[in-house]
Amino acid sequence: MGPDRATLRLALVVGGLVLAVLLGFGLGRANGRPTGRTTATAATAAGDHTHAPGTGAHQHDGTGGDSSGDAATGLSVSSGGYTLVRSGGEFVAGRAGELRFQIRDAQRRPVTRFAVVHDKPMHLVVVRRDLTGFQHLHPTMAADGTWSIPLTLPQPGVWRAYTDFTAVADDGRQTPATLGVDLVAPGEYAPRPLPAPASRAAVDGFTVDYEGTPQVDAAVPLRFTVRDPAGRPVALERYLDAYGHLVALREGDLGYLHVHPGPGPAADTVTFWLTAPGPGNYRMYLDFQVAGVVRTAEFTLTVR
Ligand SMILES: [Cu+2]
């Protein structure tokens, strides 16, 4: 009976190997990411935030390369198979310049197809490394995939530029990514300390308050109210296909969280679901539009 048992064992081993290969193949297929990253599905499953129909989840897909569900992105020039390549000249503080770049795919080809997300195919956020000087811009693309935008870095220092986009591959697959690169404006850099945490900010006579306490690895709603100089709540206008636009950056590494409000009626409040990727200090930038003018309210937030 010895040989029979050996044969049986061999069959079991071979069968197990085949099963393992099939499982691995299935998982690889289910994952379906060009990079073979396995965090994407877990992150999507964990993302219970509200997104407007048809809009892409920005930071919830793990494209930043972090293994946590709601990773900070924008920490790398390459992610998810895509690479941010800058071109053009240097910046001089306070002088009008131009930022030019391409997004290249894994075959080094410039990407020319981008999905329109929140009204735009490309969102550009620029901020100095001390989290001052926030700008939110929308570059335009030439036929060869080169994006350009006039840009002034008003003060000397090292600045961070984030390109927030959803690339469309030849097979139609969409990959959201936020890639980041440093820009330098030579000169004497006098960093400003981060303002104290506050749930109220003032901009151009408007007062913006928010309610909610962000937590690590849990989606928490933040409800913003905008009041006019007379203290009356104002009706927010649609901006970028929503009633506001919120960017949060982490102090220390400038990790980027990009959150948007869920669908809802126009009102004098706007709610965003925010998941903090870890404890620390964050700077939040709320873009809102009143009477055709977009303003940005800034808040420092400490997550414990
Ligand atoms: Cu934008």
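Two strands count as paired here if DSSP finds at least two bridges between them. With that in hand, here are some close-ups of this predicted model.

**View 1. The S16–S17 hairpin.** Strand S16 (residues 280-290) runs antiparallel to strand S17 (residues 293-303), and the two share 11 bridges. Just 2 residues sit between them in the hairpin, and Ala291 in that turn has a positive phi of about 50 degrees. Along the ladder, look for Met284, which stands opposite Phe299 of S17.

**View 2. A charged pair across the hairpin.** Stay with S16 and S17, but switch to the charged side chains. Glu298 and Arg283 meet in a salt bridge, at 3.1 Å from N to O. Glu298 belongs to strand S17 and Arg283 to strand S16, so this pair ties together parts that are 15 residues apart in sequence. How exposed or buried are the two partners? Glu298 is partly exposed at 26% relative accessibility, while Arg283 is buried, with a relative accessible area of 10%.

**View 3. The largest nonpolar core.** This core has 29 residues, and Phe224, Met284, Phe288 and Phe299 are the ones with the most contacts inside it. Several strands chip in two or more residues, among them S10 (200-203), S11 (206-211), S12 (220-227) and S13 (245-250). Also on that list are S14 (256-259), S15 (269-274), S16 and S17. Which strand gives the largest share? That would be S16, with 5 residues.

**View 4. Who touches Phe288, and a second core.** Setting aside neighbours within four places in sequence, Phe288 is in contact with Val203, Phe206, Val208, Val226 and Leu236, as well as Val293, Val294, Arg295 and Ala297. A second, separate core of 25 residues includes Tyr82, Ile103, Ala177 and Ala185. As a rule of thumb, nonpolar side chains in soluble globular proteins tend to be buried together.

**View 5. The copper site.** Three histidines hold the copper ion: His123 through ND1, His136 through NE2 and His138 through NE2, at 1.8 to 2.1 Å. Read along the chain, the donors follow the spacing H-x12-H-x1-H. His123 lies in strand S4 (residues 122-128) and His136 in strand S5 (residues 135-137), so the pair ties together parts that are 13 residues apart in sequence. His123 counts as buried, at 1% relative accessibility. His136 is buried too, with a relative accessible area of 14%.

**View 6. Asp182 and its two arginines.** Asp182 forms a salt bridge with Arg129, where the closest N and O atoms are 3.2 Å apart. Asp182 is in strand S9 (residues 174-185) and Arg129 in the loop between S4 and S5, so the pair ties together parts that are 53 residues apart in sequence. Asp182 also forms a salt bridge with Arg160, the closest N and O atoms being 3.0 Å apart. Arg160 sits in strand S8 (residues 157-168), so its pairing with Asp182 in S9 ties together parts that are 22 residues apart in sequence. As for accessibility, Asp182 is partly exposed at 32% and Arg129 is partly exposed at 29%. Arg160, by contrast, is buried, with a relative accessible area of 7%.

**View 7. A salt-bridge network.** The structure holds 13 salt bridges. Asp105, Arg109 and Asp170 are linked in a network of such bridges.

Methods
Residues numbered from 1 in each chain as written. Predicted model: local features only at pLDDT ≥ 70, side-chain atom pairs only at ≥ 80, totals over all residues. Heavy atoms only, no water. Donors = N, O, S within 2.8 Å, 3.2 Å for Na, K, Ca; no water. Helix = DSSP H or I, 4+ residues; strand = E, 2+ residues; numbered from the N terminus. Buried < 20%, exposed > 50% of the residue type's maximum accessible area, 1.4 Å probe, protein only. Core = buried A, V, L, I, M, F, W, Y, C linked by side-chain atoms within 4.5 Å. Contact = heavy atoms within 4.5 Å. Salt bridge = Lys/Arg side-chain N within 4 Å of Asp/Glu carboxyl O.
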